[in-house]
Amino acid sequence: MPFCQISLRAGKPEAYRQAILDNLYRAFRETLGVPEGDQFMTMTEHDAANFRYGNAFGVTRSDDLVYIAITVFDTRTTEQKKALYKRIAELLGEEPGIRPEDLFIVLTGSAKENWSFGHGVAQFA
C-alpha cells in the first residue's frame, strides 16, 4: 500500500507526468507486489524559485530532478527496497526519459496500524 508524493519543476507536458505515475505504479507492482488498483499518488509541480537541489553524494543533478517520497508498511525488506529503487530508475529512464542522477527517492516505513484507508478505520490495527 504505497503512498507516493512526487515533486518536480513545473513545465513538463502531461504525457511526461503520466509516464512517471504509470511507471512508479508498475515498479510498485513488480517489486513490492502491491495489489491491482492500489494507486495512491500525488504530484506537485514547483516553479524554479521554489525548487532547490544540490549535487551532494557525488551525483550531478539537473533541473529535471524528480523527488519521490514513498511511504510503505514497515515490513519491506532491504532487498525489496533495493529492487524498487533499481526498477524505478530503469522504468523512468525508459519513459519519460529521466536520468538516474535526476531521481531522488526517499522511502519511509510505517507501522500498519498507522494507516487508515477510509471510513475512519485503522484497517490493519
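The buried residues of helix H2 are covered by elements that include H1, E3 and E4. The structure is a predicted model, and the account below moves from this helix to the nonpolar core and then to the salt bridges.

**Helix H2**

H2 consists of 17 residues and spans 25 Å between its first and last C-alpha atoms, close to the 24 Å expected at 1.5 Å a residue. Its buried residues are Leu84, Arg87, Ile88, Leu91 and Leu92. These lie on the same side of H2 because they cover an arc of only 115 degrees around the axis. The other side of the helix carries Glu79, Lys82, Lys86 and Glu94, which are exposed.

**The nonpolar core**

The largest nonpolar core contains 22 residues, and those with the most contacts inside it are Ile20, Leu24, Ile68, Ile70 and Ile88. Two or more residues come from each of strand E1 (3-9), helix H1 (14-32), strand E3 (66-73), helix H2 (78-94) and strand E4 (103-110). Of these, H1 gives the most, with seven residues.

Isoleucine 68 illustrates how the core is assembled. Beyond its neighbours within four places in sequence, Ile68 is in contact with Cys4, Gln5, Leu24, Ile88, Leu92, Leu103, Phe104, Ile105 and Val106. Ile88 and Leu92, among these contacts, also belong to the buried residues of H2.

**Salt bridges**

Nine salt bridges are found in the whole structure. Three of them are set out here, with the separation of the N and O atoms.

| Acidic residue | Basic residue | N to O distance |
|---|---|---|
| Glu30 | Arg26 | 2.8 Å |
| Glu36 | Arg29 | 3.4 Å |
| Glu101 | Arg99 | 3.9 Å |

Glutamate 30 and arginine 26 are about one helical turn apart, because four residues separate them in helix H1. Glutamate 30 is partly exposed, at 41% relative accessible area, and arginine 26 is likewise partly exposed, at 38%.

In the second pair, glutamate 36 counts as exposed, with 67% relative accessibility, whereas arginine 29 is partly exposed at 32%. In the third pair, arginine 99 has a relative accessible area of 35% and is partly exposed; glutamate 101, at 33%, also counts as partly exposed.

The pair formed by glutamate 30 and arginine 26 takes part in a wider arrangement: Arg26, Glu30, Arg87 and Glu90 are linked in a network of salt bridges. Within this network, Arg87 is one of the buried residues of H2.

Conventions. Residues are numbered from 1 along each chain as its sequence is written. This is a predicted model: local features need pLDDT of at least 70, side-chain atom pairs count only at pLDDT 80 or more; totals for chains, interfaces and linings use all residues. Side-chain values use heavy atoms; hydrogens and water are left out. A nonpolar core is a set of buried Ala, Val, Leu, Ile, Met, Phe, Trp, Tyr and Cys residues joined through side-chain atoms within 4.5 Å. Buried means under 20% relative accessible area, exposed over 50%, partly exposed in between (1.4 Å probe, protein chains only). Contact means heavy atoms within 4.5 Å. The expected span of a helix is 1.5 Å times one less than its number of residues. The arc is that of the directions from the helix axis to the C-beta atoms. A salt bridge is a side-chain nitrogen of Lys or Arg within 4 Å of a carboxyl oxygen of Asp or Glu.
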